[in-house]
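Me: I should like to learn how to read a protein model feature by feature. Could you take me through one, giving the general idea before each case?

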Amino acid sequence: MKQLHSGILITNLGTPDAPTPSALRRYLAEFLWDERVVDLARIPWWLILHGIILRTRPGKVSKAYQKVWTDEGGPLLVISKQQRDAIEKQLSAQLGKDIPVALGMRYGNPSIASAMEQLRDQGVERIIVLPLFPQYSAATTGSTFDAVSQALQSWRSIPEMVFINQYHDHPAYINALANTVRETWNKRPPAQRLLLSFHGLPLRYHTLGDPYRTQCEATTAAVAEQLELHNGEIQLVYQSRFGREEWLQPYTDETLQQLPADGIHNIDIVCPGFSADCVETLEEIAIQNHELFLEAGGSEYHYIPALNSRDDHIQALTEILLERW
């Protein structure tokens with residue numbers, strides 16, 4: 001049987017084109033209108049989104065982006081391009097031939113549709129889709145697969161598709177996470193507690209069957225085992241909640257404000273659900289939450305960067321892809 005010409009589509013959430021209110025308005029309009037992200041009734045939600053949120057939130061959020069924006073662009077996009085290039089190089093070296101790897105963002109640019117067109121233009125007959133969300137959620141990975149399917153609706157010839165929907169407990173991913181912590185501890189002693197901060201999700205989504213919380217807990221348990229940490233030395237928390245309904249708990253910000261009162265004045269914090277540093281890690285965790293912890297009486301706060309384009313992370317992603325090759 002003829003072996004199909006395969007290509008890789010890696011995806012992430014996305015970023016605005018610029019750290020400006022107008023660019024944020026376009027980005028948030030696309031992001032928050034996704035029914036996988038906000039599943040409220042469409043007409044009431046449209047009125048809230050366009051009548052309130054998109055009039056007020058872009059200005060506030062743009063200030064956060066301005067703190068972390070680089071000359072090359074938004075950190076998520078810059079790092080994602082580095083990951084794409086490194087994966088392409090690693091895969092091509094291991095397979096002994098050129099393997100096309102395209103990058104698409106669920107919201108904003110480059111779009112998933114444009115990335116898929118790049119692969120089609122290179123004669124790809126089989127596409128392996130790897131959303132860089134280690135833990136599955138309908139709001140991230142599920143939505144990404146929606147976008148892939150929508151793009152294919154305009155294709156005359158549909159390629160063979162392989163979807164990788166999670167890698168939350170893959171040994172190579174867990175090893176890379178543990179390595180980032182060990183390297184930090186090789187430079188200075190471990191903090192009193194290691195916090196693993198994952199992006200939050202409405203509790204209602206979990207109740208409806210989303211496996212995200214279970215997978216976050218499994219990742220935390222695997223990292224604890226690798227680092228030989230026990231209760232009291234490691235803790236899972238959830239960040240970035242939005243709106244008024246209850247989200248997965250414990251909340252990162254409230255935990256950080258409480259820890260000094262519990263005698264924990266020195267912490268390390270890492271964000272295993274983020275494959276690349278972005279505004280939620282660099283501004284929310286490394287800046288905002290750092291200030292919260294110090295104001296509450298904490299003394300030492302160390303953010304451990306995301307896996308980004310580290311060699312062991314690229315090797316882990318390559319292993320995951322090759323298992324489906």
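Reply: Let us begin with charge, bearing in mind that this is a predicted model. The protein carries 28 positive and 39 negative side chains, and the centres of these two sets are 6 Å apart.

Me: How many helices and strands does the protein have?

Reply: There are 11 helices and eight strands. The radius of gyration is 20 Å, close to the 20 Å that the globule rule gives for 325 residues, so the protein is as compact as a globular protein of that length. Along the principal axes, the C-alpha atoms fill a box of roughly 65 × 50 × 40 Å.

Me: What percentage of the residues is buried, and what share of the accessible surface belongs to carbon and sulfur atoms?

Reply: A residue is called buried when its relative accessible area is under 20%. Buried residues account for 54% of the 325 residues. The accessible surface amounts to about 15,000 Å², and carbon and sulfur atoms contribute 50% of it. Contacts add a further view: among those between residues at least 6 apart in sequence, 77% join residues at least 24 apart.

Me: How should I read a single helix, and what span should helix H6 have?

Reply: An α-helix has 3.6 residues a turn, so residues three or four places apart point the same way. Helix H6 covers residues 171-187; at 1.5 Å a residue, its 17 residues should span 24 Å, and the end C-alpha atoms are indeed 24 Å apart.

Me: Which residues of H6 are buried, and what do they pack against?

Reply: The buried set consists of Ala172, Tyr173, Ile174, Ala176, Leu177, Ala178, Asn179, Thr180, Val181, Thr184 and Trp185. These buried residues of H6 pack against three strands and two helices: strand S5 (193-199), strand S7 (266-270), strand S8 (300-304), helix H8 (212-227) and helix H11 (311-322).

Me: Turning to the backbone, where are cis peptide bonds found?

Reply: Most residues other than glycine have a negative phi, and most peptide bonds are trans. Here a cis bond joins Asn109 and Pro110, with omega about -5 degrees. Pro110 sits in the loop that runs between strand S2 (101-108) and helix H4 (112-121). Another cis bond joins Gln249 and Pro250, with omega about 5 degrees. Pro250 belongs to the loop between strand S6 (234-239) and helix H9 (252-258).

Me: What is the phi of Ser240, and is Ser240 buried or exposed?

Reply: Phi of Ser240 is near 65 degrees, a positive value in a residue other than glycine. Ser240 lies in the loop between S6 and H9, and is buried, with a relative accessible area of 15%.

Me: What is the phi of Asn308, and where is Asn308 placed?

Reply: Asn308 has a phi near 50 degrees, again positive in a residue other than glycine. Its place is the loop between S8 and H11. At 14% relative accessibility, Asn308 counts as buried.

Me: Which residues are in contact with Arg241, leaving aside its neighbours within four places in sequence?

Reply: Contact means heavy atoms within 4.5 Å. With those neighbours left aside, Arg241 is in contact with Trp247, Tyr251, Asp253 and Glu254. Arg241 lies in the loop between S6 and H9, and is partly exposed, with a relative accessible area of 34%. The C-alpha atoms of Arg241 and Pro202 are separated by 7.9 Å, although the two residues are 39 residues apart along the chain.

Notes:
Residues numbered from 1 in each chain as written. Predicted model: local features only at pLDDT ≥ 70, side-chain atom pairs only at ≥ 80, totals over all residues. Heavy atoms only, no water. Helix = DSSP H or I, 4+ residues; strand = E, 2+ residues; numbered from the N terminus. Expected span 1.5 Å × (residues − 1). Buried < 20%, exposed > 50% of the residue type's maximum accessible area, 1.4 Å probe, protein only. Rg over C-alpha atoms; globule rule 2.2 N^0.38 Å. Areas by Shrake-Rupley, 256 points an atom, 1.4 Å probe, with all protein chains shown as cover. Lys, Arg positive; Asp, Glu negative; His and termini not counted. Charge placed at Lys NZ, Arg CZ, Asp CG, Glu CD.
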